[in-house]
Amino acid sequence: MARQKGIIKLKGTIGDITFYKTQDGHLAREKGGIDASRIKSDPAFQRTRENGSEFGRAGKAGKLLRTALRPLLLNSADGRMVSRLTQRMVKVIQADLVSERGLRNVIDGEAELLFGFEFNIRGKLGTSLFAPYVASIDRAAGEVKVDIASFVPGNMIAAPSGTTHFKIISGGAEVDFEAETFVVATSETPIMPWDSTPTAVISQTNVVTANSTKPLFLALGVEFYQEINGQMYSLKNGAFNPLSMAAVDSGV
């Protein structure tokens, strides 16, 4: 891989060189590699096929989880979140101690490895929200909850420059990775001033299917706003809004 320099940036293929644009700038690389048909059939590439199968399964699982949490991710995700989540899903699948290599999956893996995943690397929950909270999952009742005692926003929330207001958001998701379906519920506080006035107690209960045997997830985040002439605007288009996986229950 080489970086393109100069005024004119190329895209496409010239000879054996492919030119393309990424978040890291305009790059170029030489075409090459092994013929795809050989990878699909040659016994020497059995491990490659197994890794590819599991990586594809991780990508599909990550997409399903992102879709379930989409109402929260609209304002709380960075440009590399998809690839980072896929990498974490690969670790979940690799923790499967039951299935054969190449057939390992999320259900038999360790979904709890998604705990603490930051959907926005530019604004992490742990460095934004310092108010103590209790995240809990009541599988029998189908309740995915977060409780936050009263706190002073100016002291307990590290907000980006320009912030005047904020709100707390959360979401509970029940995800069936085999059937590729989900049930999701979300909650949010009113938009509150980021000042020295203590908040009320915050309790958010997101209801999913009672007695579910599927993996359950709780995402918790903060959205920042700026008030201009009486109107609320998402601060910097949500670039620094944190959203983190606050609780995971992999199921039974």
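**Exercise 1. Arginine 84**

Task: Find which helix holds arginine 84, decide whether this residue is buried or exposed, and list its contacts beyond the neighbouring sequence.

Solution: In this predicted model, arginine 84 has its place in helix 4, which covers residues 81-94. The next step is accessibility: the relative accessible area of arginine 84 is 19%, and the cut-off for a buried residue is under 20%, so arginine 84 counts as buried. As a last step, when the neighbours within four places in sequence are left aside, arginine 84 is found in contact with Asp78, Phe117, Glu118, Phe119, Asn120 and Ile121.

**Exercise 2. The protein as a whole**

Task: State how many helices and strands the protein has, what share of its residues is buried, and what share of the contacts joins residues at least 24 apart.

Solution: The secondary structure consists of 5 helices and 13 strands. Turning to burial, the protein has 252 residues, of which 41% count as buried. For the contacts, one begins with those between residues at least 6 apart in sequence, and among these 68% join residues that are at least 24 apart.

**Exercise 3. Serine 187**

Task: Locate serine 187, classify its accessibility, and name the side chain with which its own side chain makes a polar contact.

Solution: Serine 187 belongs to strand 8, made up of residues 181-188. Its relative accessibility is 16%, and serine 187 therefore counts as buried. The side chain of serine 187 makes a polar contact of 2.7 Å with the side chain of asparagine 206. Asparagine 206 also appears in the list of residues that serine 187 touches, not counting those up to four places away in sequence, and this list further holds Ile168, Ile169, Ser170, Gln204 and Thr205.

**Exercise 4. Aromatic pairs**

Task: Give the number of aromatic pairs, and describe the pair of phenylalanine 151 with phenylalanine 166 and the pair of phenylalanine 177 with phenylalanine 217.

Solution: The count comes to 3 aromatic pairs. One of them is formed by phenylalanine 151 and phenylalanine 166, with 6.4 Å from centre to centre and 45° between the planes, and this pair is tilted. The pair links distant parts of the chain, since phenylalanine 151 lies in the loop between strand 6 (143-148) and helix 5 (153-156), whereas phenylalanine 166 lies in strand 7 (residues 165-176), 15 residues apart. Both phenylalanine 151 and phenylalanine 166 are buried.

For phenylalanine 177 and phenylalanine 217, the ring centres are 6.3 Å apart and the planes stand at 90°, so this pair is edge-to-face. Here too distant parts of the chain are linked: phenylalanine 177 is in the loop between strand 7 and strand 8, and phenylalanine 217 is in strand 11 (residues 216-228), 40 residues apart. Phenylalanine 177, at 12% relative accessibility, counts as buried, and phenylalanine 217, at 0%, counts as buried as well.

**Exercise 5. The largest pocket**

Task: Give the volume of the largest pocket and describe the residues that line it.

Solution: The volume of the largest pocket is about 240 Å³. There are 13 lining residues, and those closest to the centre of the pocket are Arg57, Lys60, Ala61, Phe177 and Glu180. By kind, the lining of the largest pocket divides into 5 nonpolar, 3 polar and 5 charged residues. Phe177 was met in the previous exercise, as a partner in the edge-to-face pair with phenylalanine 217.

**Exercise 6. Asparagine 105**

Task: Place asparagine 105 in the chain, classify its accessibility, and trace its links to other residues.

Solution: Asparagine 105 sits in the loop between helix 4 and strand 5 (133-138), and because its relative accessibility is 17%, asparagine 105 counts as buried. Leaving aside neighbours within four places in sequence, asparagine 105 is in contact with Arg57, Ile93, Asp96 and Ser99. A polar atom of the side chain of asparagine 105 lies 2.9 Å from the backbone nitrogen of aspartate 108. The C-alpha atoms of asparagine 105 and alanine 61 are separated by 9.1 Å, although the two residues are 44 residues apart along the chain.

**Exercise 7. Tyrosine 225**

Task: Find the strand of tyrosine 225, decide whether tyrosine 225 is buried or exposed, and name its side-chain polar partner.

Solution: Tyrosine 225 is found in strand 11 and, at 9% relative accessibility, counts as buried. Its side chain is joined to that of glutamate 223 by a polar contact of 2.8 Å. Tyrosine 225 and threonine 164 are 61 residues apart in sequence, yet 6.1 Å apart in space from C-alpha to C-alpha.

Terms used
Residues are numbered from 1 along each chain as its sequence is written. This is a predicted model: local features need pLDDT of at least 70, side-chain atom pairs count only at pLDDT 80 or more; totals for chains, interfaces and linings use all residues. Side-chain values use heavy atoms; hydrogens and water are left out. Helices (H or I, at least four residues) and strands (E, at least two) are DSSP runs, numbered from the N terminus. Buried means under 20% relative accessible area, exposed over 50%, partly exposed in between (1.4 Å probe, protein chains only). Contact means heavy atoms within 4.5 Å. A polar contact is a pair of N or O atoms within 3.5 Å; within protein, one must be able to donate a hydrogen and the other to accept it, and residues adjacent in sequence count only if both atoms are side-chain atoms. Rings of Phe, Tyr and Trp (its six-membered ring) pair if their centres lie within 6.5 Å; planes under 30 degrees apart count as stacked, over 60 as edge-to-face and the rest as tilted. On a 1 Å grid over the protein atoms alone, a cavity is a set of points where a 1.4 Å probe fits but cannot get out, and a pocket is an open set with protein on both sides within 12 Å along at least five of seven lines; lining residues have an atom within 4 Å of a point. Grid points are joined across faces, edges and corners, and a volume is the space filled by probe spheres set on the points. Ala, Val, Leu, Ile, Met, Phe, Trp, Tyr, Cys and Pro count as nonpolar, Asp, Glu, Lys and Arg as charged, and the others, Gly among them, as polar.
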